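Subject: Structure handover, rings and interface

Hi,

Here is the structure I promised to pass on. Please load it first, then read my notes below.

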Amino acid sequence: MISFFFYLFATILILASLAVVLARNPLYNVLSLVVVIFCLSSLFILLEAFFVGVILLLVYAGAVMIFFLFVVMCLNLNGQTLNALQQSRFRLLECLIGVLFLSEFSFAIKSFLTAPAMPASSIRGTIETVGKILFTDYLLPFELTSFLLLITIFGIVALAKGALSTGVDDPVETKPIGGSQ
Amino acid sequence: MFPIIHWNLISLELLITVTLVGLIVLDILLPPETGKDWTGLISFTALLIMIGFWSTQRNLSGETMGGMFIMDSLAWFFKGFFLLAMVFVFPMTRQFLKSLPKWRNEFYFLLWLALLGMCLVASSGDFLMLFISIEILTISLYVMTAYLKSDHHSLEAGMKYLILGALASGFLLYGISFLYGVTHSTGFAVIQGYAATHAMNPTILFGLVLIFAAIGFKIASVPFHLWVPDVYQGAPTPVTALLSVGSKAAGFVILIRLFFGVFASWHPQWSSVFAPLAALTMCYGNLGALFQTNIKRLFGYSSIGHAGYLLMGAAAGSILGASAINFYLLGYLFTNLAAFLVIVLFFVTNKSDEINDYAGLATRSPLLAGVLLLALVSLAGVPPLVGFFGKFTLLMATVQSGLLWLALIAAVNVIISLYYYLIVVKRLYVDPPRVNSPIPISSSMRFILWMAVAGIVGIGIIQGPFLEAAMTAAKGMCFLP
């Protein structure tokens with residue numbers, strides 16, 4: 001039964017991931033991403049990592065997705081600007097690097113197939129186990145993440161609050177830095 | 001089981017944290033208009049005290065927090081390195097921020113956080129810990145790069161750095177997950193044990209390539225160098241100085257710990273990759289620097305070039321190579337920060353970073369011109385300055401490992417670099433000045449400048465103890481012949 005659900009969610013996951021990359025309309029990209037994250041969290045739950053699955057759903061499908069939607073809304077992308085964005089001078093190079101990456105990746109995956117399976121873990125991914133590990137083995141990295149939050153607070157205060165110079169954000173001439181190479 | 005915490009091992013980081021929190025509280029308590037830069041003054045004093053404290057930790061070694069945090073000779077060396085870099089960056093910031101009407105103290109807090117991140121990077125004993133330390137360092141650098149909100153260049157630099165940096169972080173995390181998939185652990189000790197008993201396989205190779213991509217981004221090596229010139233030019237100058245010395249050294253301490261320690265058993269495979277990368281990086285940096293008109297951009301390209309020289313030590317793949325990297329970085333610290341001190345002081349009075357505006361600096365301020373001359377000549381590698389001896393040890397390590405062709409390419413690059421460094425020197429000494437007003441320098445800045453000069457000349461002449469410190473640092477964790 002579990003393997004049936006695994007293959008079901010895995011297939012939807014792959015199809016939705018393709019839609020994220022290939023769909024032309026940005027709104028469809030974002031909505032497919034929601035499907036991707038839903039399937040991903042289902043896979044985690046199948047692995048008995050309940051906490052991770054739920055958090056993934058809450059944080060990504062809940063919060064991060066809303067940001068994406070806001071950005072898509074604010075940018076107001078239409079077909080013309082999208083086409084202009086998709087024009088790339090380095091198409092050939094991009095393809096080459098992509099193929100290289102893919103072949104290396106397939107080799108990597110192949111050696112996973114022959115590798116001995118990881119011993120089945122008796123740990124169930126409930127909040128209790130995650131919390132215990134977080135406050136014992138991973139205490140130091142966990143505490144250090146608080147510094148990341150502190151930095152973001154400073155960043156927001158300094159970058160987003162109030163104008164720095166004379167008060168008005170005067171539109172400066174927009175010449176890119178590397179223009180005079 | 002709750003892990004046993006050895007407080008003395010993490011005491012330096014705790015001290016930094018306490019100072020940071022104290023400064024934040026002080027910032028709230030002090031009246032907003034005191035007219036004096038208290039945060040800057042206290043920061044500098046605290047830094048000097050910390051260096052004193054650091055020097056007592058010399059023989060401290062061990063690990064704590066269940067192997068998350070390692071203290072050994074390499075970590076000790078680099079923590080001192082980062083503290084020393086900050087000794088120059090804080091006065092630079094004090095000068096630079098005079099023109100900033102608001103949010104000065106927050107800049108100091110971010111500098112402290114960056115210092116904390118760098119010290120933690122040097123002490124990481126687990127990939128998870130390493131990732132979070134790198135993020136602490138990099139995210140504070142993103143904010144500082146975009147700090148001059150009204151300056152279009154600063155914002156553009158911040159944006160570029162953020163996007164490419166996020167990509168590099170993604171690579172690092174992806175690489176770590178591959179290693180975890182194979183070794184079933186993120187701890188350095190376990191992975192090292194796995195490496196000692198297993199041969200390299202494609203999965204691990206894939207993980208290593210991704211991890212190196214993230215390190216390459218930090219040290220500005222080809223092909224992960226694209227952000228360097230723009231970000232160096234656009235960022236506030238103290239941040240550029242920190243990027244070019246602190247952030248680069250943080251990249252190299254990871255490189256040494258991972259490739260000379262954790263993955264030492266796979267050394268034949270990876271050292272063959274480093275040699276062509278080193279050659280490409282130094283050629284790109286030095287050729288790109290030839291036609292620059294902005295001095296910060298010039299130093300951006302020169303920093304790529306120096307990353308190439310430093311990678312030679314990694315390509316050598318021996319203890320001598322690792323020690324040469326350490327020693328070269330120490331010299332690079334004094335030399336590059338001396339140059340950036342001059343750039344900041346020049347910018348404060350002239351509001352320009354264009355090399356043409358440096359014309360005739362020798363008549364306007366003989367001290368500034370002299371320090372810049374010394375720094376440039378040392379970067380180019382002229383004896384008896386520290387840059388020469390650093391290059392010498394790197395070349396020695398390379399030749400000893402049988403990479404004669406790489407040493408030859410490096411020698412050609414040194415000659416190319418002499419050209420563009422000397423063009424700046426010509427501007428300073430031969431060209432007539434455009435403005436004749438002298439440049440005022442406060443006595444405290446004079447002292448800092450002389451300190452940098454003492455480093456450039458002093459380590460160049462008395463290399464023994466410093467080379468020995470670099471050797472000890474490398475030997476502490478290196479598992480190579």
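Aromatic pairs first. A search of this predicted model, run over the whole structure, gives 45 aromatic pairs across all chains.

Two of them are worth pulling up on screen. In chain A, pick Phe6(A) and Tyr7(A). Their rings sit edge-to-face. The centres are 5.3 Å apart and the planes make an angle of 75°. Buried or exposed, where does Tyr7(A) fall? Tyr7(A) counts as exposed, because its relative accessibility is 57% and the cut-off for that class is over 50%. Phe6(A) has 39% relative accessibility, so it counts as partly exposed.

In chain B, pick Phe127(B) and Phe188(B). This pair is edge-to-face as well. Here the centre-to-centre distance is 5.0 Å, with 80° between the planes. Phe127(B) belongs to helix α5 of chain B, residues 127–145. Phe188(B) belongs to helix α7 of chain B, residues 188–197. The pair therefore ties together parts that lie 61 residues apart in sequence. Both rings belong to buried residues: Phe127(B) has 0% relative accessibility, and Phe188(B) has 4%. The cut-off for buried is under 20%.

Chain B also holds a ring cluster. Which residues are in it? Ring pairs link Phe212(B), Phe224(B), Phe259(B), Phe260(B), Phe263(B), Trp266(B), Trp270(B) and Phe274(B).

Now the interface of chain A and chain B. On the chain A side, 40 residues are in contact with chain B, and they meet 55 residues there. Together the two chains bury about 4200 Å². Of that area, 77% is on carbon and sulfur atoms.

How many salt bridges does the rule find across this interface? Zero. For polar contacts, the rule finds one residue pair across the interface, with both residues at pLDDT 80 or more.

Next, the side of chain A that touches chain B. Helices α5 (91–114) and α7 (139–160) of chain A each supply at least two of its residues. The largest share comes from α7(A), with 14 residues. By residue class, this side of chain A divides into 26 nonpolar, nine polar and five charged.

That is what I have on the rings and the interface.

Best wishes

Terms used: Residues are numbered from 1 along each chain as its sequence is written. Chains are lettered from A and ligands numbered from 1 in the order in which they are written. This is a predicted model: local features need pLDDT of at least 70, side-chain atom pairs count only at pLDDT 80 or more; totals for chains, interfaces and linings use all residues. Side-chain values use heavy atoms; hydrogens and water are left out. Contact means heavy atoms within 4.5 Å. Buried area is the accessible area (1.4 Å probe) that two parts lose on being put together, summed over both. A salt bridge is a side-chain nitrogen of Lys or Arg within 4 Å of a carboxyl oxygen of Asp or Glu. A polar contact is a pair of N or O atoms within 3.5 Å; within protein, one must be able to donate a hydrogen and the other to accept it, and residues adjacent in sequence count only if both atoms are side-chain atoms. Helices (H or I, at least four residues) and strands (E, at least two) are DSSP runs, numbered from the N terminus. Ala, Val, Leu, Ile, Met, Phe, Trp, Tyr, Cys and Pro count as nonpolar, Asp, Glu, Lys and Arg as charged, and the others, Gly among them, as polar. Rings of Phe, Tyr and Trp (its six-membered ring) pair if their centres lie within 6.5 Å; planes under 30 degrees apart count as stacked, over 60 as edge-to-face and the rest as tilted. Buried means under 20% relative accessible area, exposed over 50%, partly exposed in between (1.4 Å probe, protein chains only).
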